[in-house]
Every structure is written in C-alpha cells, then in structure tokens.
Amino acid sequence: MGRIRLIASDIDATPLFDRRARTLNPDALVAVEHALDAGIVFVAASGRQCFNMRNLFGSLADRLIYVCDNGALALQGSKVLHNARSTESNFSNWLTRCLNLSTCTSC
C-alpha cells in the first residue's frame, strides 16, 4: 500500500470543529499541520464561504485546498482551482486534477 497523499474532510459537524467555541479544535489544527509537513495535501470542505474557511485555519490557510460554497468553488491557498456548479462528475475530475498537481504548495 502506498503512502497517504491526500486527506479531505468536511469541517462542520465533525471533530475538527468546536461548535461551542465556533472555531477549529486546536488538536485538529496540530494534526492538519503535521499532515501538511509530511507532504500530505489537506482538503477542507464545507458549505461555508471560502474567506470564512481560510480564517478558521489561520497561519495554515495558504497551505490548504478548500472546497467551499457547497462545492461551487475550490481554492488552493488563494488560487481558484474550480468555480462552477458542482456535480459528482465535476468533483471527481477536480479531485483527480488536485492529486496530479505538480505545483502543489503542500507537496
């Protein structure tokens, strides 16, 4: 089995998000940072707007890929990767492109 290359996770209603504090769980941020440092691409997904998601990740914001606005927008840091209505086919194609990025800042 090969090494893990990508982790994608919904942010809301998961252990990553502390609902009471309305922020990311500090332990989750450390885990995300360790994954990024190990060369693993981290994709944060949410129905939230992208600027809101980037704010959640603080100093890690430019190192992540975001699937925002219920899949209508995908960013790598602040670079737009995908901007359209999302379908299962579109997402599958986008994910394949993401895995093949030769300029990925997290790789």
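So, what pattern does the chain follow when you read along the sequence? Going from the start, you get β-β-β-α-β-α-β-β-β-α. One thing to keep in mind as we go: this is a predicted model.

Let's stay with the overall picture for a moment. If you count up the secondary structure, the chain has three helices and seven strands. There are 107 residues in the chain, and 36% of them count as buried. As for the surface, the chain exposes about 6500 Å², and 51% of that comes from carbon and sulfur atoms.

Now, contacts. Take those in the chain with a separation of 6 or more: 48% of them are between residues 24 or more positions apart.

Okay, on to a spot I'd like you to find on the screen. Look for strand S5, residues 65-68, and strand S6, residues 73-76. Aspartate 69 sits in the loop between these two, and asparagine 70 is in the loop between S5 and S6 as well.

What should you look at there? The backbone angle phi. Most residues other than glycine have a negative phi. Aspartate 69 isn't a glycine, yet its phi is positive, near 50°. Asparagine 70 isn't a glycine either, and its phi is positive too, at about 55°.

And how do these two count, buried, partly exposed or exposed? Aspartate 69 has a relative accessibility of 28%, so it counts as partly exposed. Asparagine 70 comes in at 67%, and because the cut-off for exposed is over 50%, asparagine 70 counts as exposed.

That's the tour, thanks.

Note on methods:
Residues numbered from 1 in each chain as written. Predicted model: local features only at pLDDT ≥ 70, side-chain atom pairs only at ≥ 80, totals over all residues. Heavy atoms only, no water. Helix = DSSP H or I, 4+ residues; strand = E, 2+ residues; numbered from the N terminus. Buried < 20%, exposed > 50% of the residue type's maximum accessible area, 1.4 Å probe, protein only. Contact = heavy atoms within 4.5 Å. Areas by Shrake-Rupley, 256 points an atom, 1.4 Å probe, with all protein chains shown as cover.
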